[in-house]
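Hi everyone, thanks for making time for this. I'd like to walk you through one structure today, moving from one helix to its surroundings and then out to the whole chain. Please have the viewer open.

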Amino acid sequence: MKAAVIVFPGSNCDRDIKIALKRFNIKPIMVWHNDTFLPKVDLVILPGGFSYGDYLRCGSIASKSKIMSEVIKHTKKNKLVLGICNGFQILVESGLLPGVLMRNHNLKFICKNIYVKVINNKTPFTSKIKKNEVLKIPIAHNEGNYFIDKKNLKKLKTNNQIILQYCNEKGLVNKESNPNGSLINIAGITNTTFNVFGLMPHPERAYDSLLGGDNGKYIFNSLLNYGRN
Amino acid sequence: MEETNLDIAVKHGIKKEEFKKIIKIMGRKPNLVELGIFSAMWNEHCSYKSSRVWLKTLPTKNKNVIQGPGENAGVVDFGNGDAVIFKIESHNHPSFIEPYQGAATGVGGILRDVFTMGARPVANLNSIRFGSPKHPKTKYLLNGVVSGIGGYGNCIGVPTVGGETEFDDCYNGNILVNAMNVGIAKKNKIFYSVASGIGNPVVYVGSKTGRDGIHGATMASTAFDLDSHEKKPTVQVGDPFTEKLLLEACLELMKSKCIISIQDMGAAGLTSSSIEMASKGNLGIRINLNKVPCREQNMSAYEIMLSESQERMLIILKKGKENFAKKIFDKWGLDFSIIGELTYTKKLEIEYNNEIVGSIPIHALGKNAPKYKRPWISHKLPKKKDLKKILKKIKIKDVLLKLLSHHNFSNKSWVWEQYDHMVMTDTVQAPGGNSAVVRYHKKNKGIAATIDCTPKYCFAHPYTGSMQAVCETWRNLISVGAQPIAITNCLNFGNPERKEIMGQLVDSIRGIKDACKFLNYPVVSGNVSLYNETNGQSIYPTPTIGGIGLLKNLKSMITFNFKEVDNHIMIVGDTKGHLHQSALLYDILEYKDGPPPEINLKKERKNGLCVQQLIQKNLLKSVHDISHGGIIISLAEMCMSGSMGCKIELNNIYLNKINYLFGEDQGRYILEFNNKNKLKIINILKKNGIKFEIIGKTQKSNFEVQEVLKIPITKLTKINNNWFKKFTLN
């Protein structure tokens with residue numbers, strides 16, 4: 001399987017995702033934001049970081065960069081796009097995913113290990129995980145507080161677009177286990193066709209138990225499984 | 001050209017005798033631009049004029065040192081052609097005036113010092129000290145500094161992996177923000193700041209020059225008074241996004257062979273960077289200020305030369321490589337401008353609007369800047385006091401609970417969870433342990449890093465306290481399984497023109513020297529911050545030490561959380577029950593007299609090397625050094641981080657329980673090990689003549705000291721986690 005990792009000025013998890021992809025036998029190809037051509041790949045990854053310094057609004061300037069029109073074309077061919085952290089913010093800003101990501105409710109950057117529950121495992125990103133399984137994966141963001149209006153939240157629910165919810169170690173989704181104030185603990189969603197996935201947690205930081213956990217592997221294994229089929 | 005006189009010179013922080021010296025060097029009165037340059041170069045921050053004669057006495061060499069003090073950062077050998085580059089720097093004065101930007105640019109500055117040398121920065125650490133939590137500014141300063149450190153480090157994508165955060169009344173008027181950075185490079189790909197090759201182009205890259213931070217270094221070289229907030233415009237504003245681009249562009253350029261030398265524009269901006277490079281190369285430099293990219297219109301020569309705008313670098317390129325280099329900076333969207341060339345004149349010559357606006361002999365500014373051997377008095381070791389009365393009413397359990405909820409002993413996750421400590425995915429020991437450990441990228445070895453100082457010890461006796469700071473870093477590195485390699489130091493003191501303060505500095509440097517020499521643990525870089533006082537009230541002497549250690553094999557890395565029930569718990573080292581300056585006396589009972597714990601360098605080394613041996617032989621389950629709060633606090637920390645209890649028996653102990661549990665004697669460790677290794681461990685300790693005692697075992701869920709206390713770990717953790725959340729919410 002091949003993946004294009006888009007590098008924006010200010011991306012800082014591009015190297016991390018590259019290393020993680022290699023670990024799971026997915027071949028990364030780094031693509032500069034100013035490029036107008038996307039190599040032939042199954043998957044595009046928008047990595048974490050501070051594209052354009054988070055100026056104006058997180059992800060907003062990156063969503064207008066040259067390569068993004070190619071990424072949008074790529075999604076229309078029903079191919080995969082994964083946006084992690086700042087990548088999720090870019091997906092929301094570019095309209096590929098609904099809703100917004102606001103500042104964390106405590107107005108502080110939060111970097112720690114948290115737990116997420118897999119709500120929908122019938123997607124290319126979660127197929128190798130059991131439904132309701134709890135994963136320990138770190139977050140590191142200032143703006144991960146997901147919000148969407150009632151009408152569209154209902155749509156998200158009906159279409160099973162909510163993929164990950166923050167929970168505690170035992171899988172309980174409640175206020176205490178919500179790190180950033182996200183609406184109904186939303187940590188990751190897809191589009192209606194399940195080929196565009198945005199999430200705040202960093203699976204690429206959890207690929208090795210030496211780093212404090214390896215639960216990120218479930219997402220990479222799911223992708224690999226999709227690539228094989 | 002504007003004329004100058006003594007009045008203007010004094011306003012620039014230049015003393016009468018120094019002004020005379022300038023006139024002598026120049027053979028005439030300097031103009032305003034030149035005076036500004038002298039002021040920027042001769043202030044304490046840039047010239048080290050009070051400390052230089054003493055700093056020279058520090059040990060700076062051994063077989064591991066590739067580059068000692070005098071460059072942008074120190075470089076040590078990490079084996080297999082790898083090098084580690086690191087340095088610490090203060091940003092105290094600006095952080096007090098504007099905490100967010102002051103702290104942020106402190107991080108930015110130290111990052112540049114490290115990547116200027118060709119290293120990719122891999123870890124940030126910091127030591128931050130605030131006034132009393134009761135002081136009205138403390139909460140604002142704490143919030144601002146922590147957000148500023150996070151704001152910069154998180155954005156540039158270098159993990160902040162360790163540090164210390166403490167409060168004490170002595171910092172009410174002068175907080176400390178010391179930032180350290182560690183980077184990695186190939187040994188044969190290190191870049192230096194020595195200029196060479198007459199006619200080679202001088203290139204300016206990075207952000208544009210604005211009017212911010214003019215005379216920042218001069219501001220950092222004076223004491224504060226009530227009007228210090230008026231100095232806000234001298235604080236620089238940071239842009240971590242530009243720094244990230246500058247970092248990537250510089251590292252990309254460094255892959256080629258275009259660079260002769262490179263230097264960041266830090267304190268005193270374009271002035272100090274151009275002078276330092278030319279001075280080290282024994283050359284002259286000619287700059288045309290019309291070529292400097294400016295953010296604002298109509299900036300004067302004075303402003304351009306003295307601006308401390310951030311995220312700028314000066315590069316001496318090989319002639320003919322200009323276009324190649326420019327392409328890289330264009331790609332990253334950064335300014336690239338050839339602003340001058342190297343000359344044979346040994347002068348700094350500044351041209352602006354077709355006029356020479358300044359011409360100063362280079363060596364007057366660098367090598368031959370004034371240096372003072374200021375008068376000083378050494379500080380005697382205070383006598384021990386009779387503590388019987390004070391300790392009479394002490395209840396061990398109450399003190400333990402008070403300490404765990406005390407601002408200086410509570411869990412600091414509120415601080416470090418605001419720092420991205422995981423980005424780059426090499427952090428294998430996160431903040432909160434003995435030392436941070438970062439995997440050497442793509443290898444199975446690690447860099448251990450720690451930052452320590454105990455200012456109350458240093459105030460009680462600067463010589464002993466400073467030895468202690470060095471030893472504590474050494475111990476913290478040993479405790480994760482590393483071999484301590486070298487240190488960087490940040491000497492924060494008051495006004496050196498006062499004899500007793502100068503005495504603190506001299507005693508402190510002596511202490512660092514003796515400890516480093518004995519432990520073969522050289523000083524490879526550092527920084528001095530003086531005049532940390534407000535209205536005549538000085539901070540405690542605070543020689544912050546950053547230590548670096550090598551973990552040859554990550555498999556032998558060890559942590560301090562208890563691992564399994566029913567393992568033995570052993571104390572290694574001599575416990576004499578020293579309570580003066582301890583957490584119990586100083587922080588709980590607010591009794592501040594008496595000497596700090598004694599440092600015995602022989603035992604320090606012997607105990608440490610033996611623990612290192614036990615770790616390498618894979619005989620231990622966990623190791624923790626014993627520091628502030630004594631055995632009882634170290635045990636509690638091992639319990640809380642392992643979510644596991646312990647049962648301690650003190651019936652056969654030779655000391656009274658309070659002294660035993662709260663004493664802060666140095667050179668000690670707590671070990672956890674399985675019964676099967678007990679004999680082997682005891683044999684090794686005995687063979688090395690090391691004192692030890694087994695005091696109990698690990699158990700489930702309760703922290704227990706027989707006949708003294710029994711507390712569930714969940715309760716300890718809850719108490720320990722509360723303080724920051726409560727303090728910052730109210």
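Let's start on the outside of helix 13 of chain B, where B:Asn323, B:Lys327 and B:Asp330 are exposed. One thing to keep in mind as we go: this is a predicted model.

Now turn to the other side. Which residues of helix 13 are buried? Helix 13 covers residues 322-331, and its buried residues are B:Ala325, B:Ile328 and B:Phe329. If you look down the axis of helix 13, those buried residues fall within an arc of 95 degrees, so they line one face of the helix.

What covers that buried face? The cover includes two strands and a helix that you can pick out by number: strand 7 at 201-206, strand 10 at 312-317 and helix 10 at 240-254, along with strand 11 at 335-343, all of chain B. And just after helix 13, have a look at B:Gly333, which takes a positive phi of about 70 degrees.

Helix 10 is worth following, so let's stay with it. Two packed helices are described by the angle between their axes and the distance between the axes. For helix 8 and helix 10 of chain B, the axes come within 8 Å and cross at roughly 35 degrees. That crossing is right-handed. On the helix 8 side, the contact is made by B:Gly151, B:Tyr152, B:Cys155 and B:Ile156, while helix 10 brings B:Pro240, B:Phe241, B:Glu243, B:Lys244 and B:Leu247. Sorted by class, this contact has six nonpolar, one polar and two charged residues.

Both of these helices also turn up at the boundary with the other chain. There, 23 residues of chain B are in contact with 23 residues of chain A. Helix 8 (138-156), helix 10 and strand 14 (427-429) each supply at least two residues of the side of chain B that touches chain A. That side divides into 12 nonpolar, eight polar and three charged residues.

Finally, let's zoom out to chain B as a whole. It has 26 helices and 28 strands. Its radius of gyration is 26 Å, close to the 27 Å that the globule rule gives for 730 residues, so chain B is as compact as a globular protein of that length. The C-alpha atoms fill a box of roughly 85 × 50 × 45 Å along the principal axes. Buried residues make up 61% of the 730 in chain B. And among contacts between residues at least 6 apart in sequence, 85% join residues at least 24 apart.

That's my tour, and I'm happy to take questions.

Conventions
Residues are numbered from 1 along each chain as its sequence is written. Chains are lettered from A and ligands numbered from 1 in the order in which they are written. This is a predicted model: local features need pLDDT of at least 70, side-chain atom pairs count only at pLDDT 80 or more; totals for chains, interfaces and linings use all residues. Helices (H or I, at least four residues) and strands (E, at least two) are DSSP runs, numbered from the N terminus. The radius of gyration is taken over C-alpha atoms; the globule rule is 2.2 Å times the number of residues to the power 0.38. A residue is buried if 20 or more other C-beta atoms lie within 10 Å of its own, exposed if 12 or fewer, and partly exposed in between; C-beta atoms are placed from the backbone. Two residues are in contact if their C-beta atoms, placed from the backbone, lie within 7 Å. The arc is that of the directions from the helix axis to the C-beta atoms. Ala, Val, Leu, Ile, Met, Phe, Trp, Tyr, Cys and Pro count as nonpolar, Asp, Glu, Lys and Arg as charged, and the others, Gly among them, as polar. Axes are lines fitted to C-alpha atoms, for helices over the stretch in contact, and angles run from 0 to 180 degrees between N-to-C directions. A crossing is left-handed if the near helix is turned anticlockwise from the far one by less than a right angle, and right-handed if clockwise.
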